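Take this protein apart by its domains, then follow its charged side chains. Keep the structure open while reading.

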Amino acid sequence: MRISRLQEFLAEKELDGGIITSRENLYYFTGSAPVLGGYLVVTPDDALFIVPELEYEEAKETSKVPVEKFKTGKELYERLSGFGLRRVGIEGKIRFSSVQTLREKAGINDFELVDDVIKELRIIKAPEEIEAIEAACKIADQAMMAALEEISEGRREREIAAKMEYVMKMNGAEKPAFDTIIASGPRSALPHGVASDRRIEKGDLVVIDEGALYRHYHSDMTRTIVVGSPNEKQKEIYEIVLEAQRKGVDAARPGITAKDLDTIVRDVIADYGYGDYFIHSTGHGVGLEIHEWPGVSQRDETVLKPGMVITVEPGIYIPKFGGVRIEDTIVITENGARRLTKTERELI
Ligand code: CO
């Protein structure tokens with residue numbers, strides 16, 4: 001069904017075929033994601049997955065699309081030429097050098113992006129995809145629990161991240177969904193403060209942003225704590241971010257646009273006078289990639305629909321003082337949204 005929608009699109013655009021090469025889309029369309037990649041060739045009425053010889057056995061086991069192997073580049077391009085493709089759909093992510101080679105060695109002279117139709121498909125998650133994301137979120141909850149236990153004065157950020165990543169793998173994750181963020185003290189004002197060798201100090205705000213990769217699907221969650229007892233200012237910004245995050249999760253439902261959801265969250269923070277310190281969008285889609293569609297921002301007017309998976313992650317970042325971010329991964333349901341990351345949010 002996924003491939004048939006792509007085939008319809010190729011026919012609509014009068015393309016001879018499509019060539020898919022990104023690992024996430026190879027997995028999406030074939031169920032197989034060889035480490036060295038491969039070429040999924042889709043024509044309006046056929047599909048073939050061509051992989052390097054050393055990936056052949058595994059691809060044959062896992063792919064829902066017929067698989068062939070190639071030994072040399074020459075063999076690959078001869079096979080591709082055999083399709084007689086002239087106008088072809090490709091992904092924006094394909095390497096420029098690959099496009100040049102397709103042009104020179106496979107006789108393809110016209111390219112068009114298929115990103116929009118792939119987005120249209122992937123933006124709504126199938127039940128089995130939601131199941132995988134939910135499992136990835138459960139692992140993120142376990143890793144967060146480990147972080148909350150481990151964080152204390154004197155520990156290095158990177159040690160905490162290492163412990164969390166160990167817990168992820170012990171609970172079935174392939175790897176972290178991205179470089180785990182442990183941003184303590186003044187570093188908590190950096191939205192992407194990947195764990196460093198800084199030692200955590202008493203009174204620090206600590207932003208913990210993490211997720212796991214499970215069966216090709218990602219999770220994403222952030223919590224913020226204070227080591228020891230929080231001061232008034234820390235408490236104040238925490239309460240504002242928490243209120244914004246709650247309102248966002250409560251407002252997420254079918255029919256609202258991503259832009260309006262961003263506005264609801266942004267207004268809470270702006271009303272308290274901290275609008276200039278919320279320096280990123282409210283959230284993003286999560287799936288085979290950690291950042292996908294829709295963006296929950298002023299630039300994205302996608303109407304939310306059941307099956308979409310997004311994050312709601314407002315933050316306030318005050319340079320030199322520190323920052324707070326609270327984030328959940330949620331799924332849009334028939335009449336609202338359900339949090340897939342469940343670690344409690346009242347941590348300060
Ligand atoms: Co995120």
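Two domains make up the division of this predicted model. Domain 1 covers residues 2-122. Domain 2 covers 127-339. Their C-alpha centres lie 35 Å apart.

Start where the two domains meet. On one side, eight residues of domain 1 make contact; on the other, nine residues of domain 2 do. The area buried between them is about 850 Å². Carbon and sulfur atoms give 57% of that area. Which residues of domain 1 lose the most area to domain 2? They are Tyr27, Lys119 and Arg122. Together these three account for 62% of what the domain 1 side buries.

Now look at the polar side of this interface. Five salt bridges are counted between domain 1 and domain 2. Arg122 takes part in a salt bridge with Glu289, with an N to O distance of 2.7 Å. Three residue pairs are in polar contact across the interface, both residues of each at pLDDT 80 or more. Two helices, H2 (23-30) and H6 (115-122), each supply at least two residues of the domain 1 side. H2 gives the most, with three residues. What is the make-up of the residues on that side? Five are charged, three are nonpolar and none is polar.

Salt bridges are also found beyond a single pair. Side chains of opposite charge can pair when their charged atoms come close. The structure as a whole holds 35 salt bridges. Take Glu53 and Lys71, whose side chains meet at 3.9 Å, N to O. Glu53 sits in the loop between strand E3 (46-52) and helix H3 (56-62), and Lys71 in the loop between strand E4 (67-70) and helix H4 (73-81), so the pair ties together parts 18 residues apart in sequence. Glu53 has a relative accessible area of 37%, between the 20% and 50% cut-offs, so Glu53 counts as partly exposed. Lys71 is at 59%, over the 50% cut-off, and is therefore exposed.

Helix H4 holds a pair of its own. Glu78 and Lys74 both lie in this helix, four residues apart, about one turn. They form a salt bridge, with the closest N and O atoms 3.2 Å apart. Both residues are exposed.

Move on to Glu201 and Arg198. The closest N and O atoms in this salt bridge are 3.7 Å apart. Is each partner buried or partly exposed? Glu201 has 44% relative accessibility and counts as partly exposed. Arg198 has a relative accessible area of 18%, under the 20% cut-off, so Arg198 is buried. Elsewhere, salt bridges that share partners build one network from Glu24, Lys93, Arg122, Lys125, Glu289 and Glu292. That network includes Arg122 and Glu289, the pair already met at 2.7 Å.

End with Glu346. This residue is placed in the segment after strand E19 (337-339). Which residues does Glu346 touch, leaving out those up to four places away in sequence? The partners are Tyr238, Leu242 and Arg246. The relative accessible area of Glu346 is 43%, so Glu346 is partly exposed. Glu14 stands 332 residues away from Glu346 along the chain. Their C-alpha atoms are separated by 55 Å.

Terms used. Residues numbered from 1 in each chain as written. Predicted model: local features only at pLDDT ≥ 70, side-chain atom pairs only at ≥ 80, totals over all residues. Heavy atoms only, no water. Domains from an automatic or database assignment. Contact = heavy atoms within 4.5 Å. Buried area = accessible area lost by both parts, 1.4 Å probe. Salt bridge = Lys/Arg side-chain N within 4 Å of Asp/Glu carboxyl O. Polar contact = N/O pair within 3.5 Å; in protein donor to acceptor, adjacent residues only side chain to side chain. Nonpolar A, V, L, I, M, F, W, Y, C, P; charged D, E, K, R; others polar. Buried < 20%, exposed > 50% of the residue type's maximum accessible area, 1.4 Å probe, protein only.
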